[in-house]
Amino acid sequence: MKNILILGGGFGGLTAVSFFRTHIKSGKVSVTLIDKNNYSLFTPMLAEVVSGNVKPENIVFPLREICVKNGVRFIKDEVQNIDTIANKVTCENGEYPFDYLIVATGSRTNFRGNVSAMKNAFEFKNITDAIHIKYLIIDFLEKASTLTDPEEKKRLLSFSIIGGGITGVELASEMNDYIRAKIKKEYSTIMADEYDITIFEYSKTVLPAIDPSQAEKAQEILIKNGINVINGASVDEVGLDCITYKKDGQQYTKSSSVTVWTAGVEGQEYLKEMGGDTTPDSRLKITRSLNPQALDAPHVFVIGDSCAYEFKGKFLPPVAPLAMQQAVMAVKNIMRLINGKEPVDFTYLHFGYLVSLGKNNSVVNLFGIKMRGALAYYIWKGAYLFKIGMFKKQVAVFFDWVMSFCFGNESVLIIDQDNCTNCILQKNHKNDKENAAVECVACILCITYNTYMRCNDAHSKIAGRD
Ligand SMILES: Cc1cc2nc3c(=O)[nH]c(=O)nc-3n(C[C@H](O)[C@H](O)[C@H](O)COP(=O)(O)OP(=O)(O)OC[C@H]3O[C@@H](n4cnc5c(N)ncnc54)[C@H](O)[C@@H]3O)c2cc1C
């Protein structure tokens with residue numbers, strides 16, 4: 001029986017797990033999944049956690065439960081190194097041998113060397129990032145509601161998103177819908193023009209990766225909804241409460257109490273050590289049959305955000321359908337190799353894109369059919385509800401939507417702030433990261449915040465090495 005190891009239980013890893021199911025039953029292979037978390041995140045709905053449209057626990061999938069159902073062994077551990085000659089993976093807590101390997105550990109935030117952003121901007125990759133941003137919005141709304149100076153209120157309620165790709169646009173739209181609804185219904189001392197959400201985008205419109213006509217329309221819709229978009233902007237410095245950026249050769253500074261960085265991703269650090277060819281954003285270049293280029297390792301497959309796959313002269317952007325399609329092909333090629341056959345080449349089938357622009361608005365391109373507006377929005381909802389793939393989570397998300405549609409979203413802070421001297425909600429949320437990490441034990445938010453800071457520390461170390 002061949003021993004197969006899958007690293008990472010995200011879109012790619014979980015698709016591989018389900019496609020191995022019949023081969024596991026037939027006794028040909030034994031499969032182990034390793035992930036540093038014991039859950040998988042459905043990222044397309046992460047922005048809806050910020051607005052409260054969906055509950056955080058409803059867009060995470062229990063990896064152990066899924067693995068048990070599929071006859072796969074699950075290990076919670078963090079990958080540190082892969083040896084493709086000795087055929088073993090080294091993790092934080094042990095070493096794991098393999099006959100065949102699928103690498104699907106996704107990506108991390110690419111701060112593009114901007115040290116101030118690494119230090120002061122929030123990432124938007126994990127469930128905890130979404131919870132922090134939501135809590136900060138609510139806390140700042142509470143504080144602003146007691147202020148009388150409009151300028152002071154506006155400074156406190158200045159939110160910035162760096163990067164106008166799908167993630168940035170969807171986050172800005174959800175934040176905007178949420179804040180607008182809250183101000184209208186519950187924070188009557190805050191006026192609609194006393195908050196500000198700004199997207200900083202280097203290209204001439206937001207969503208530079210989609211059809212230009214749809215991107216232009218999307219930008220118009222965002223602006224009409226009250227979101228500020230600054231195009232041609234290159235952000236130089238992210239401070240604790242301001243951003244410095246260049247546009248048309250001029251330098252500007254803008255208030256920003258919460259800055260979220262969504263301007264790109266890069267491969268995991270350990271991929272660089274594998275010895276294969278990588279792109280400048282640390283993704284491993286792969287062959288047409290999904291093996292790492294420049295490594296003689298036909299039994300190792302790299303898929304999803306971790307790989308750079310060239311198609312029609314360009315590296316494909318890291319999206320979920322690519323990871324899932326590559327996972328299917330990796331399983332197929334592993335089984336072909338086990339059965340003494342040659343592997344086959346991967347071809348990407350591009351379905352289009354779905355981008356939510358907030359309540360009742362989306363831009364969609366499905367198999368070349370372009371749509372906008374309310375119909376596109378309900379197509380977005382239906383498609384992603386279907387894509388969740390796990391029945392109990394589909395039911396839970398559907399009911400979350402029904403509840404928020406009927407009764408609106410709540411703005412409660414469920415934390416024990418009084419007993420927590422270094423809580424992120426005390427004074428300035430980012431003021432004292434180091435102390436907060438060491439001293440804070442009291443509130444649930446700080447416990448998750450510590451995870452965020454470990455992550456940031458890792459980035460600082462990487463930056464130091466570079
Ligand atoms: C906010 C957000 C919104 C998005 N929206 C969309 C969208 O609408 N449509 C779309 O197509 N794509 C979207 N994406 C991109 C999409 O999520 C990724 O392209 C997709 O998740 C890639 O799949 P993957 O399997 O390569 O990695 P992932 O799904 O990221 O899975 C990687 C897994 O590896 C684990 N892991 C990472 N490092 C290690 C390690 N060292 N050791 C062990 N385990 C590790 C992680 O815990 C994770 O479970 C979005 C991304 C984000 C962040």
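**Exercise 1. Locate Gly8 in this predicted model, decide whether Gly8 counts as buried or exposed, and find which residues Gly8 contacts.**

Solution. Begin with the position along the chain: Gly8 lies in the loop that runs between β1, residues 2–7, and α1. Next, turn to the surroundings of this residue, for which the cut-off is 20 or more other C-beta atoms within 10 Å. Because Gly8 has 27 C-beta neighbours inside 10 Å, Gly8 counts as buried. Then set aside the neighbours within four places in sequence, and the contacts of Gly8 that remain are Gly13, Asp35, Ala104, Thr105 and Gly106. As a last step, consider Asp77, which stands 69 residues from Gly8 in sequence, while the C-alpha atoms of the two are 9.9 Å apart in space.

**Exercise 2. Describe the shell around the ligand: how many residues surround the ligand, and which are the closest?**

Solution. The ligand is surrounded by 33 residues, and the closest of them are Gly8, Gly10, Gly12, Gly106 and Gly304. The elements that contribute two or more residues to this shell are α1 (11–25), β2 (29–35), α7 (166–185) and α9 (320–338). Sorted by class, the shell holds 14 nonpolar, 14 polar and 5 charged residues.

**Exercise 3. Work out the strand order of the open sheet of 5 strands, and then that of the open sheet of 3 strands.**

Solution. In the sheet of 5 strands, the order is β11-β18-β12-β13-β14, and the pairing is parallel. The edges of this sheet are β11 (122–123) and β14 (228–231), each of which pairs on one side only. Inside the sheet, β12 (residues 158–162) pairs with β18 (residues 258–261) in the parallel sense over 4 bridges, and Ser160 has Thr259 in β18 as its bridge partner.

The sheet of 3 strands has the order β6-β7-β8, and here the pairing is antiparallel. Its edge strands are β6 (79–83) and β8 (94–97), each pairing on one side only, and neighbouring strands of this sheet are turned against each other by 20° on average, direction ignored. Strand β7 (residues 88–91) is joined to β8 by 4 bridges in an antiparallel run, with Val89 standing opposite Tyr96 in β8.

**Exercise 4. Find how many residues join β15 to β16 in their hairpin, and which residue is the bridge partner of Val235 in β16.**

Solution. The two strands, β15 (residues 234–238) and β16 (residues 242–247), pair in the antiparallel sense over 4 bridges. The hairpin passes from β15 to β16 through 3 residues. Within this pairing, Tyr245 in β16 is the bridge partner of Val235.

**Exercise 5. State which residues touch the most other members of the largest nonpolar core, and follow the contacts of Leu222.**

Solution. The largest nonpolar core has 70 residues, of which Val169, Ala172, Met175, Ala218, Leu222, Val260 and Val355 touch the most other members. A second core, separate from this one, has 48 residues, including Leu63, Val103, Ala104 and Tyr309. Returning to Leu222, and not counting residues up to four places away in sequence, the residues it touches are Val169, Ala172, Ser173, Val206, Ile227, Val229 and Leu357.

**Exercise 6. Leu207 and Phe367 are residues other than glycine with positive phi; decide for each whether it is buried or exposed.**

Solution. As background, most residues other than glycine have a negative phi. Leu207 has a phi near 50°, and its place is in the loop between β13 (196–201) and α8 (212–224). Since Leu207 has 25 C-beta neighbours inside 10 Å, it counts as buried. Phe367 also has a phi near 50°, and its place is in the loop between β26 (362–366) and β27 (369–372). Here the count is 8 C-beta neighbours inside 10 Å, and therefore Phe367 counts as exposed.

**Exercise 7. Place Pro292 in the chain, and explain why Pro292 is classed as buried or exposed.**

Solution. Pro292 is found in the loop between β20 (284–285) and β21 (300–302). Because 26 other C-beta atoms lie within 10 Å, Pro292 is buried. Apart from residues up to four places away in sequence, Pro292 touches Met274, Gly276, Leu284, Ile286, Ala297, Val300 and Val302. Thr278 is 14 residues from Pro292 along the chain, and 9.2 Å separates their C-alpha atoms.

Definitions and conventions
Residues numbered from 1 in each chain as written. Predicted model: local features only at pLDDT ≥ 70, side-chain atom pairs only at ≥ 80, totals over all residues. Pairing = 2+ DSSP bridges. Core = buried A, V, L, I, M, F, W, Y, C linked by C-beta atoms within 7 Å. Buried ≥ 20, exposed ≤ 12 C-beta atoms within 10 Å, placed from the backbone. Contact = placed C-beta atoms within 7 Å. Axes fitted to C-alpha atoms, helices over the stretch in contact; angles between N-to-C directions. Near = placed C-beta within 6 Å. Nonpolar A, V, L, I, M, F, W, Y, C, P; charged D, E, K, R; others polar.
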